[in-house]
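Work through the exercises below with the sequence and coordinates open. Each task is followed by a solution in steps.

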Amino acid sequence: MYNTRLCDECIVYDYNLKPVLRGAYKAIEVDWSEGLIATEHNGIQRLFDYDGKLVYHVIYKRIEPLDYNTGRKDKDGDDIFEETDCYIYVDYNGKRGLMDKHYHVLTPPLFYSIEAQTKHVFFASFGEYSDRFGTLIDDHGKALR
């Protein structure tokens with residue numbers, strides 16, 4: 001398969017140069033074990049088979065609970081953590097986004113990490129390692145100023 005881009009359109013061709021999947025995607029990646037991963041400009045990722053047929057409308061790599069440190073200690077002196085009302089989801093490329101307890105996506109997968117500061121406030125980082133920087137978002141995915 002050949003993965004190409006022409007202006008704003010991504011096109012995947014088979015070995016005979018027949019278009020298999022094309023569209024105004026941010027990117028299309030070939031996963032040799034599962035199919036074609038199409039990333040829309042809003043961050044939503046879809047799975048297609050090798051013939052370009054849609055398999056799943058939305059895919060995630062994993063979904064994780066998001067806990068915060070309450071600032072309290074247990075009888076052994078260890079920090080007490082509690083769940084927030086949100087989950088972190090991880091996309092095919094390892095980026096993270098925020099979803100609520102009903103699995104509704106609140107933010108696109110733009111972040112390298114999301115850490116709970118309180119039950120309702122999260123630090124979402126854009127940079128990796130020493131280049132880390134970020135923003136504060138609330139439990140509705142809205143930026144705090």
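Buried means under 20% relative accessible area, exposed over 50%, and partly exposed in between (1.4 Å probe, protein chains only). The model is predicted: local features need pLDDT of at least 70, side-chain atom pairs count only at pLDDT 80 or more, and totals for chains, interfaces and linings use all residues. Residues are numbered from 1 along each chain as its sequence is written, and side-chain values use heavy atoms, with hydrogens and water left out.

**Exercise 1.** Determine how many disulfides the structure has, and classify Cys7 and Cys10 by exposure.

Step 1. A disulfide is a pair of cysteine sulfur atoms within 2.5 Å. Searching the whole structure gives zero disulfides.
Step 2. For Cys7, the nearest cysteine sulfur belongs to Cys10 and is 11 Å away.
Step 3. Cys7 has a relative accessible area of 68% and is exposed, whereas Cys10, at 2%, is buried.

**Exercise 2.** Describe how strands E4 and E5 are paired.

Step 1. Strands (E, at least two residues) are DSSP runs, as are helices (H or I, at least four), numbered from the N terminus. Two strands pair if DSSP finds at least two bridges between them.
Step 2. E4 covers residues 27-31 and E5 covers residues 35-39; the strands run antiparallel and are joined by five bridges.
Step 3. The hairpin between E4 and E5 passes through three residues, and Asp31 stands opposite Gly35 in E5.

**Exercise 3.** Analyse the salt bridges formed by Arg46, Lys73 and Lys101.

Step 1. A salt bridge is a side-chain nitrogen of Lys or Arg within 4 Å of a carboxyl oxygen of Asp or Glu. The structure holds seven salt bridges.
Step 2. Arg46 pairs with Glu40, with the closest N and O atoms 2.5 Å apart. Arg46 is buried at 18%, and Glu40 is buried at 19%.
Step 3. Lys73 meets Asp79 at 2.6 Å, N to O. Lys73 is exposed at 52%, while Asp79 is partly exposed at 36%.
Step 4. Lys101 pairs with Glu83, the closest N and O atoms being 2.8 Å apart. This pair links distant parts of the chain, 18 residues apart: Lys101 is in the loop between strand E10 (96-100) and strand E11 (113-116), and Glu83 is in strand E9 (residues 79-90).
Step 5. Lys101 has 28% relative accessible area and is partly exposed; Glu83, at 45%, is partly exposed.

**Exercise 4.** Locate Phe133 and list its contacts.

Step 1. Phe133 lies in the loop between strand E12 (121-125) and strand E13 (134-138).
Step 2. Contact means heavy atoms within 4.5 Å. Leaving out residues up to four places away in sequence, Phe133 touches Phe123, Ala124, Ser125, Phe126 and Gly127.
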